[in-house]
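User: I am new to this structure and would like to understand the words used to describe it. Could you walk me through them?

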Amino acid sequence: MYAQLVKTSRAKAPEEMSEQERAFQARIDRGEKIEPKEWMPEEYRRTLIRQIGQHAHSEIVGQLPEGNWITRAPTLQRKAILLAKVQDEAGHGLYLYCAAETLGISRDELIAMLHSGKMKYSSIFNYPTLTWADIGAVGWLVDGAAIMNQVPLQRCSYGPYARAMVRICKEESFHQRQGYDLISKMARGTPEQKAMAQDALNRFWYPSLMMFGPSDKESVHSAQSMAWRIKINTNDELRQKFVDQTVPQAHYLGLTVPDDKLAWNEDKRAYDFSEPDWEEFYAVVRGDGPCNRDRLGARVKAWEDGAWFRDGLAAHAAKTRGAKMAAE
Amino acid sequence: MSSEWPLWEVFIRGQHGLNHRHVGSLHAVDAEHALRNARDVYTRRHEGLSIWVARASDIVASSPTDDGPRFAPDDARIYPHPTLRDEAGTP
Ligand SMILES: [Fe+2]
Ligand SMILES: [Fe+2]
């Protein structure tokens, strides 16, 4: 998902656990929330830092493909909507960084790990937004996929993460709706506009399916994360749910999902569909997607270009503090 | 170079008549900056009528290891609770 490759080991059996670990697992099984200063297994803490960190980085890097179109939005209203949406994503990143920091890592460390490539962000943001219709596709499909994953995480076991998710989910529905609204206007517009909408769907369909991470068959080690309730559903469960929700919307819009194997399966009461190209997925995760270098380059540049401003604010605050103390 | 801004906890009064509630935290150089950032980060949709910010390092918290004795319901002291119970403990 926004954290696509957070691996943990297989879940520990009760007899392998220490007394403390057993008590911890019992709290989770009772549905209790774990709070920052409470005891937790080191592996739980480390896994959460990776997961929340990747999630935060995705929100932040996710501003770039959309930010690309703010100056070129076709109307003032669309521009205002897009600005508000991108600002929300910045907010999501900040909520999540704060949640990660409660686990004993600093903001600077998190940012340094993003910039050095040690920590990842979602593969989806390494695809370009080539036309205005892509902005619709991003809201409709990418935010749509994000919601699928984030709604259950509101019930995850770590208090600060769960609470950040509650705030985020409230805002995501606006994101998805504005995207669907945008693409539906284009799908019902001129033949050229409709072609743009179809082209956007063609390019974003499989990358959106990749957002849920590798197939459950592909030895994704998530059993421990599920036992700890920091992962609620498997990747394939969520992907299926996303397909089942999105395909009827595409039909309604008169758009064609780019998959000839796509068919309703009455027995499982869900769609059969083709899996994305996992070779491509791993290439993008490794750093060889269409925009990896651009995205990371833009992040690092923004951080470095802002250094004088951050330092200036800090220096000013120190000076004012000094003056106040002298006056007292 | 690390010159991380200090961490602030943010509290917001959502509606008239309600207490301020902790909503999250943020980094800022000073109180004024923290208030301004809190407005942008936590009240983009008119969620608040009033904001408090407090430096995280100034907050004194009970430590979780004390929680057992300090917060466990004291069975001998039923009188602070609003339901009146008889000696058998049934309401
Ligand atoms: Fe978001
Ligand atoms: Fe979003």
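Analyst: Happily; what follows is a set of questions and answers about this predicted model.

User: Let us begin with the metals. What makes up the coordination of the iron ion (ligand 1)?

Analyst: Four residues coordinate the iron ion (ligand 1): Glu59(A) and Glu89(A) through OE, His92(A) through ND1, and Glu172(A) through OE. Their distances run from 2.1 to 2.4 Å, and a donor has to be within 2.8 Å of the metal. These atoms therefore count as donors. Along the chain, the donors are spaced as E-x29-E-x2-H-x79-E.

User: How do you know that Glu59(A) and Glu89(A) link distant parts of the chain?

Analyst: Glu59(A) belongs to helix H2 (residues 42-61) of chain A and Glu89(A) to helix H4 (residues 76-101) of chain A, with their positions 30 residues apart in the sense that they are 30 residues apart.

User: Why is the arrangement around the iron ion (ligand 1) called irregular?

Analyst: The 4 donor atoms subtend angles of 81 to 149°. A tetrahedral site needs all angles between 85 and 135 degrees, and a square planar one needs opposite donors over 155 degrees apart. The angles of the iron ion (ligand 1) fit neither description, so the arrangement is irregular.

User: And what coordinates the iron ion (ligand 2)?

Analyst: Here the donors are Glu89(A) (OE), Asp143(A) (OD), Glu172(A) (OE) and His175(A) (ND1), at 2.0 to 2.3 Å. Their spacing along the chain reads E-x53-D-x28-E-x2-H. Among these donors, Asp143(A) in helix H6 (residues 132-153) of chain A and Glu172(A) in helix H7 (residues 159-187) of chain A are 29 residues apart and link distant parts of the chain. The 4 donor atoms make angles of 85 to 171°, and this site is irregular.

User: What makes Glu89(A) a bridge?

Analyst: Glu89(A) coordinates both the iron ion (ligand 1) and the iron ion (ligand 2). The two ions lie 3.2 Å apart.

User: Why are Glu59(A), Glu89(A), Asp143(A) and Glu172(A) called buried?

Analyst: Buried means under 20% relative accessible area. Glu59(A) has 1%, Glu89(A) has 4%, Asp143(A) has 1% and Glu172(A) has 0%. Each value is under the cut-off, so these residues are buried.

User: How do you know that Cys156(A) is in no disulfide?

Analyst: The structure holds 0 disulfides over all chains. For Cys156(A), the nearest cysteine sulfur is that of Cys169(A), 11 Å away, while a disulfide needs the sulfur atoms within 2.5 Å. Cys169(A) is likewise in no disulfide, with the sulfur of Cys156(A) as its nearest, at 11 Å. Both cysteines are buried, Cys156(A) at 0% relative accessible area and Cys169(A) at 13%.

User: Where is Thr234(A), and why is Thr234(A) called buried?

Analyst: Thr234(A) sits in the loop between helix H9 (223-227) and helix H10 (235-253) of chain A. Its relative accessible area is 17%, and the limit is 20%, so Thr234(A) is buried.

User: What makes the pairing of Thr234(A) and Asp216(A) a polar contact?

Analyst: Their side chains come together at 2.7 Å, and a polar contact is a pair of N or O atoms within 3.5 Å. Beyond its neighbours within four places in sequence, Thr234(A) is in contact with Asp216(A) and Met226(A).

User: Why is Arg269(A) called exposed?

Analyst: Exposed means over 50%, and Arg269(A) has 54% relative accessibility, so Arg269(A) counts as exposed. This residue is in the loop between strand S1 (263-265) and strand S2 (270-272) of chain A. The side chain of Arg269(A) also makes a polar contact of 2.3 Å with the side chain of Glu266(A).

User: Which residues of helix H11 (residues 278-288) of chain A are buried, and what covers them?

Analyst: The buried residues are Trp278(A), Phe281(A), Ala283(A), Val284(A), Val285(A) and Gly287(A). Their cover includes helix H8 (191-210), H10 and helix H12 (292-305) of chain A. At the start of H11(A), a side-chain oxygen of Asp277(A) is within 3.0 Å of the backbone nitrogen of Glu279(A).

User: Finally, what does chain B contain?

Analyst: Chain B has 2 helices and 3 strands, in the order β-β-α-β-α from the N terminus. Of its 91 residues, 23% are buried.

How values were computed: Residues are numbered from 1 along each chain as its sequence is written. Chains are lettered from A and ligands numbered from 1 in the order in which they are written. This is a predicted model: local features need pLDDT of at least 70, side-chain atom pairs count only at pLDDT 80 or more; totals for chains, interfaces and linings use all residues. Side-chain values use heavy atoms; hydrogens and water are left out. Helices (H or I, at least four residues) and strands (E, at least two) are DSSP runs, numbered from the N terminus. Buried means under 20% relative accessible area, exposed over 50%, partly exposed in between (1.4 Å probe, protein chains only). A polar contact is a pair of N or O atoms within 3.5 Å; within protein, one must be able to donate a hydrogen and the other to accept it, and residues adjacent in sequence count only if both atoms are side-chain atoms. Contact means heavy atoms within 4.5 Å. Four donors count as tetrahedral if all angles lie between 85 and 135 degrees; four count as square planar and six as octahedral if opposite donors are over 155 degrees apart and all others between 65 and 115; anything else is irregular.
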